[in-house]
Amino acid sequence: MEQHAEVLIGRTWPQRVPGWRDLIAIALVIAIVVLLGSGARQMIAPLVASRGATISLSPAALPNYALRTTLRMLAALLASLIFTFLYATPAAKSRRAETVLIPLLDVLQSVPVLGYLSFTVVFFVSLFPRSWLGPELAAIFAIFTAQAWNMTFSLYQSLITTPTDLIEASRSFRFSGWQRFWCLEVPFAMPGLIWNMMMSMSGGWFFVVASEAISVGAFQVALPGIGSYVALAIQQRSLAAIGWAIIAMTVAILIYDQLLFRPLVAWADKFRFEQTAAQVVPRSWVLDLFRQAPLMKFVTAPLGSGVQAAARARLALPRRPAWLVPLIPSRPIADVAWYGMAAALIAYATTRLVQFARPELTWADVKIATDNGLLTLARVVILIILATMVWVPIGVAVGLRPRVASKVQPVAQFLAAFPANLLFPVAVYVIVTFRLAPKIWLSPLMILGTQWYILFNVIAGASAFPGDLREAAASFRIRGWRWWREVMLPGIFPYYVTGAITASGGAWNASIVSEAVYWGSTRINGGGLGAYIAQMTEAGDYPRIALGIAVMSVFVISMNRLIWRPFYAFAERRTRLD
Amino acid sequence: MPSQNAERGLIERRSRAAPSGDRVLEMREVHKGFAKPSGEPLPVLADINLAIAEGEILGLLGRSGSGKSTLLRIAGGLIKPSSGTVLYRGKPLLEPAAGIAVVFQSFALFPWLTVEENVEAGLDAIGLAKAEARRRTQSAIELIGLDGFQSAYPRELSGGMRQRVGFARAMVVEPVLLLMDEPFSALDVLTAESLRTDFMDLWIERQLPTKSVLIVTHNIDEAVMMCDRILVLSSNPGRIAAEIPVPLAHPRDRQDSEFRRIVDEIYSILTSRTTESLSAGNHARGPFAHPLPLVTVNRLMGFIDTLAQAPYNGQAELAEIAEAFSLDVGALFAIAEALHMLEFAELKESAIKITAAGRLLTQSDTEERKRLFREHLLRFVPLAAHIHHVLSEREDHRAPRERFELELEDHLNPGDAEKSLLAAIGWGRYAELFEYDDDARIFALIGSNSESAL
């Protein structure tokens, strides 16, 4: 009945005549395709003999550089997404895989990004010796290592927390494994995954300089991109060029935020699991445009239903044939085989590592690295405390004022996405000019980029603080310090912990690029583990790079286990009312 | 069975034929146990033998912890029994079957799909042609009264409409057997009533493709309203305690004397089961064999105060008082059992009667109440007495929660162990018998222990 009515009223058919929305949408699509194509063509171009690439400091070159850099980041994001699905799915589905994959992921996550780069760049270059593709892949891989892990954790978390009743429903309707994965588990994981993709994209920017202007020992290559542009600007001490780079990057971030992430977030809102209506429904003009443009709808509809059909296809695995069943080893035997294999692999890797490090490293090296680690640890702790003292009161003040919060929150999120290392040259310029002590004044750079996570999580916590509790506190005239201690701080604590975990992890990672910095030929070294790793990378001293990375992993993992996890558990338990 | 059918035939005047006797689903000697931390099995269901005949609605009634939801999931092929066989249309049921659909208490709708897509999702596994799937979806939507809501997302709907989607999704696969797991208990009373009536109308008019229904509920009225036969499950482990035929014609009337008689009969079965297992637990299987009902002191006091006053004056029919307080079986029996355990009231057949101590309790002031409650707690609740004893014995009068948890889990399943401990904490705190610090997860004695003389 209904379809007929629609036709009679004339809604369905006349809509397919192209309208102004179609023109805009088509223009958008064509522009994106052309841009991506031209960027990609440059990537696979043959490598010019001289590896010191011709990076130009002219602002006119920047749009192309911004495109190349963004393209690399999107490629890395795609790779991260594929990795996420391939890694998190077995980790969540198989008990045996889980016991190996999840601790491994914990370690992978704690290894600083530069660590991967130094070990892999030669490999990638040797894969495609005559083409830009080698260095390009190395850079993409470096960005990938800054993006993939948190996405993988997010998908794994969602997969193991899929609501039981929905799993039972899908089982009772006899969904195949494939159908259940795409129709239940992936949709359920979608909001978290998209949020983490956005975080990853910001994380990737942070290492753009390091991954585009690759310099490991004697091997040096500069890929055309904003990162190399900034590296050259630092080398030539051009503050103006850095200003241009910041502008170009801001524009790039705004553009892909509008064209990619806003639409994704608005689209993924329907996957929110809460059954209540949202307070603020995320919107995106791009998504609205494509949804409302009649011709676009007509063109994309088959695509959409194709994807749906693929997700809903059964693709069930054939049943295990009966003759196979007795051949499948029993659970204890399979367990022994599996863990035996894992243990053997670990033992092999350890002996190889020892063989590799033994002739080069002494206990004195370990002590130097550990001392440097302690220095960096002290920096991270002090900076987190300082950032807390600054941003918690401000965040609460903002969060309790909904009007202000709605304006400040996007800015805080943008600042978190903004690669703070672009501001480093400015800071270094100041330190050099005023002859400040680098050991102290370089430290704030570590947290420059990640402090915003504390701010926007606190804002979120204060905004979500129950109104009746505030009113109760007011009616009992709880004020001053008591108000903070008994009312507000416990209320925002879980949010704060979430923000502080991200901020501290980010600070560790940032130490590599912020503890030792250049301004032209002036080199300022603040000491610490980050400076140690950076220094060894420059010297191409692989055993010591590995040592530095291992020490940092140990520090990061112990800090997570000993401080943040208990805090988090406490926050979960204590501040819940149900 | 044949004689029952004959009897039913006399009374019945509804259009649906009486159960023909063809068995849709059958369970033989089904047991289900979960492993205790120590490794030994903890029985949840034992000796389950049942058959669902074509044309009937079979009700499963029991208190929480009786394993009725587990039983329903076994019937749906979602859980495998530890031993025993399940036959669906004469063939062993090893996994969810095409002819069985489930309606969930929590609705279990996919929030990212519209009403129409949710209903159609039920057909995904069947692999119908698109047009056929559309047709069946549309007719299920019309049947269940969802027309006009096709493009709405579940979060836009009220609870009642959401459960209608749950029904339509189950109906679209044209199930032979429909399993309903407390389908109305997440809804308010009026909504539940309207949904139930609509469903029963469709059932009576034979507009549903379904041949048989198995419904789990803890609402006695609902069971008597809908079912042709009711199985009452006892707890720990769940066994079939009684089978009660409901030979009443549809539509049924709550005020009908026969209806009331069946309701009362069920109450007295549940009562005798409760008191039996209480005394059996105390004597045969040590102090922890019977879980404590998780009821707050406030509820106990509110209940007993009302019971002491007019119109009850110390004695009430359970059915009556359940309706007056709008309590479901689970909540009602938790309160009644707690009062019975503490000997402030006595459960007998389908009634509850206040004891002398209970009367004294209602007449006392706060301090005196606490003293009396403490006395009864120490004397009649072994777990509370045990905690108090351990704390008194210890040098520092403190003990970690884990100690008692481990002890309890040797006798009870983890859920019951947790609930028992929570109940003991609540009662012990009120009685000022001991205190409990949830941050440190430690029990401690309050002040001096001069009152442990009992």
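Colleague: Which way do H15(A) and H22(A) lie to each other?
Modeller: They're oblique, because their axes cross at roughly 140°. The bins are: under 35 degrees is roughly parallel, over 145 roughly antiparallel, 65 to 115 roughly perpendicular, and the rest oblique. This is a predicted model, by the way: local features need pLDDT of at least 70, side-chain atom pairs count only at pLDDT 80 or more, and totals for chains, interfaces and linings use all residues. Residues are numbered from 1 along each chain as its sequence is written, while chains are lettered from A and ligands numbered from 1 in the order in which they are written.

Colleague: Within what distance do the axes of H15(A) and H22(A) come?
Modeller: Within 10 Å. The axes are lines fitted to C-alpha atoms, over the stretch in contact for helices, with angles from 0 to 180 degrees between N-to-C directions. H15(A) is residues 363–399, and H22(A) is 480–514. Helices (H or I, at least four residues) and strands (E, at least two) are DSSP runs numbered from the N terminus.

Colleague: What's the hand of the crossing where H15(A) passes H22(A)?
Modeller: Right-handed. That's the near helix turned clockwise from the far one by less than a right angle; anticlockwise would be left-handed.

Colleague: Which residues make that contact between H15(A) and H22(A)?
Modeller: On H15(A), Thr376(A), Val380(A), Leu383(A), Ile384(A), Ala387(A), Val392(A) and Val396(A). The H22(A) side includes Met488(A), Ile492(A), Tyr496(A) and Trp508(A). A contact here is two residues whose C-beta atoms, placed from the backbone, lie within 7 Å. By class the residues divide into 13 nonpolar, three polar and no charged. Ala, Val, Leu, Ile, Met, Phe, Trp, Tyr, Cys and Pro count as nonpolar, Asp, Glu, Lys and Arg as charged, and the others, Gly among them, as polar.

Colleague: OK, and H20(A): at what angle do its axis and that of H22(A) cross?
Modeller: Roughly 160°, with the axes coming within 8 Å. That makes H20(A), residues 451–463, roughly antiparallel to H22(A). This crossing is right-handed.

Colleague: Which residues in H20(A) meet H22(A)?
Modeller: Among them are Tyr453(A), Ile454(A), Asn457(A) and Gly461(A), which meet a set in H22(A) including Gly491(A), Ile492(A), Tyr496(A) and Gly499(A). The class count for that contact is ten nonpolar, seven polar and no charged residues. Ile492(A) and Tyr496(A) are in the H15(A) contact too.

Colleague: Anything odd in the backbone before H22(A)?
Modeller: Arg477(A), in the loop between H21 (467–475) and H22 of chain A. Arg477(A) has a positive phi of about 50° although it isn't a glycine.

Colleague: Zooming out, what domains does the assignment give chain A?
Modeller: Domain 1 is 44–272 + 279–283, domain 2 is 326–358 and domain 3 is 360–578. Those bounds come from an automatic or database domain assignment.

Colleague: How far apart are the C-alpha centres of domains 1 and 3 of chain A, and what meets there?
Modeller: The centres lie 22 Å apart. The contact takes 30 residues from domain 1 and 26 from domain 3 of chain A. H11(A) gives the largest share of the domain 1 side, six residues. That side has 20 nonpolar, eight polar and two charged residues.

Colleague: Switching to the chain B–chain A contact, how many residues does it take from each?
Modeller: 20 from chain B and 22 from chain A. The chain B side divides into 14 nonpolar, four polar and two charged. The predictor gives the complex an ipTM of 0.76 and a pTM of 0.79.

Colleague: And what is the mean pLDDT of chain B?
Modeller: 86, with 91% of residues at 70 or more; pLDDT is the predictor's confidence in each residue, from 0 to 100. Below 50 you'll find residues 1–18 of chain B, a stretch with 22 contacts in the model beyond near neighbours in sequence. Chain A has a mean of 80, and 88% of its residues reach 70 or more.

Colleague: Which peptide bonds in chain B are cis?
Modeller: Two to mention: His250(B) to Pro251(B), with omega near -10°, and Ala310(B) to Pro311(B), with omega near 5°. Pro251(B) is in the loop between E10 (239–245) and H8 (257–283) of chain B, and Pro311(B) is in the loop between H9 (297–308) and E11 (315–317) of chain B.
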